[in-house]
Amino acid sequence: MVNRYKCVVGYDGAGFSGYQVQPNKRTVQLEIERVLTTMNKSTVKIVSSGRTDAGVHAVGQVFHFDSTLEMDGHQWCRALNAMLPEDIVVKSTERVSPNFHARYDACQKEYRYKVQQTTMRDPFTRNVVTQVSQSLDTKKMQEAARYLVGEHDFSSFCAANTSVVDKVRTIISIEVQEVYQNQIEFRVVGSGFLYNMVRIIVGTLLEIGTGKRTVEDMNRILEARDRTKSGKTAPPQGLYLWEVRYDE
């Protein structure tokens, strides 16, 4: 009998060329499929909620797979983590309906982006936060972020080389807050995201936070629907796919 399983996985993206399988490159998907194929003694493919780029991390990425093996969630986690590399961890596994789909059934995603303010580069955190030397105005960034909440055409915040035609998306909430001394966290929740959307939003907010742009510029950028009007794409190492949510 074939069963479908849902897994929540976390990974340190620094050592990967992204999530999705690519020829001759180390990816998260490749490592997980390699282990599952070994366990099942036949090829197993996984389907994720979405992909992450090289250097981007995940705390709560979700994928599903089918298997004839009969194990409970704890057994799956124990077996997978014993064989996976140290920069990937399966946090939970559960049997789900054969109709469950990790990508199409997702109703919300939360991304978090971490920025460390430091006048001297820190070699110990360089792969897990984005380091900036300028002083950032958290209040102004939060004010500017409010313009993006709701349903909008996010063409200004999408990589120019995307093939996606419909760029209307809904952002449910954006929070900008200092979580530790000198560390700022951006928390973005939405029903779906365009390619590089969160990193471009953060890059634009950082320019507002340093005074290169005004709070009101954010609304003008959004209405322009033009990628050339927004800020730089923030680096990948500060970005985390934090959680993928599903209807009960």
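**Exercise 1. Find which residues touch the most other members of the largest nonpolar core, and which helix gives the most to this core.**

Solution. In this predicted model, the largest nonpolar core holds 66 residues, and Phe157 and Phe186 touch the most other members. Helix α4 (residues 197-209) gives the most to this core, with eight residues. In general, nonpolar side chains of soluble globular proteins tend to be buried together.

Next, list the contacts of Phe157, setting aside neighbours within four places in sequence. Phe157 is in contact with Leu148, Tyr195, Asn196, Met197, Ile200, Ile201, Thr204, Met218, Ile221, Leu222 and Ser230.

**Exercise 2. Work out how the buried and exposed residues of helix α2 are arranged.**

Solution. Step 1: α2 spans residues 73-83, and Gly73, Trp76, Cys77 and Leu80 are buried there.

Step 2: seen down the axis of α2, these buried residues fall within an arc of 95°, so they line one face of the helix.

Step 3: the face turned away from the buried side of α2 carries His74, Arg78 and Ala82, which are exposed.

Step 4: identify what the buried residues pack against. The partners are β1 (3-11), α1 (28-40), β3 and β4 (88-96).

Step 5: look at the start of α2. A side-chain oxygen of Asp72 comes to within 3.2 Å of the backbone nitrogen of His74.

**Exercise 3. Identify the strands that pair with β3 and give the sense of each pairing.**

Solution. Step 1: take β1. It pairs with β3 in the antiparallel sense over eight bridges, and Cys7 stands opposite Phe63 of β3.

Step 2: take β2 (residues 47-48). Two bridges join β2 to β3, and the two run antiparallel; Val47 has His64 in β3 as its bridge partner.

Step 3: take β10 (residues 239-246). Two bridges join β10 to β3, and here the strands run parallel. Ala58 stands opposite Leu241 in β10.

Step 4: turn to burial. Nine of the eleven residues of β3 are buried, so the strand is largely enclosed by the rest of the structure.

**Exercise 4. Decide whether Gln61 is buried or exposed, and find the partner of its side chain.**

Solution. Step 1: place the residue. Gln61 is in strand β3 (residues 57-67).

Step 2: Gln61 has 0% relative accessibility and therefore counts as buried, the cut-off being under 20%.

Step 3: the Gln61 side chain makes a polar contact with the side chain of Ser49, at 2.5 Å.

Step 4: list the surroundings, not counting residues up to four places away in sequence. Gln61 touches Cys7, Val8, Val9, Tyr11, Tyr19, Ser48, Ser49, Gly50 and Leu241.

Conventions
Residues are numbered from 1 along each chain as its sequence is written. This is a predicted model: local features need pLDDT of at least 70, side-chain atom pairs count only at pLDDT 80 or more; totals for chains, interfaces and linings use all residues. Side-chain values use heavy atoms; hydrogens and water are left out. Helices (H or I, at least four residues) and strands (E, at least two) are DSSP runs, numbered from the N terminus. Buried means under 20% relative accessible area, exposed over 50%, partly exposed in between (1.4 Å probe, protein chains only). A polar contact is a pair of N or O atoms within 3.5 Å; within protein, one must be able to donate a hydrogen and the other to accept it, and residues adjacent in sequence count only if both atoms are side-chain atoms. Contact means heavy atoms within 4.5 Å. A nonpolar core is a set of buried Ala, Val, Leu, Ile, Met, Phe, Trp, Tyr and Cys residues joined through side-chain atoms within 4.5 Å. The arc is that of the directions from the helix axis to the C-beta atoms. Two strands pair if DSSP finds at least two bridges between them.
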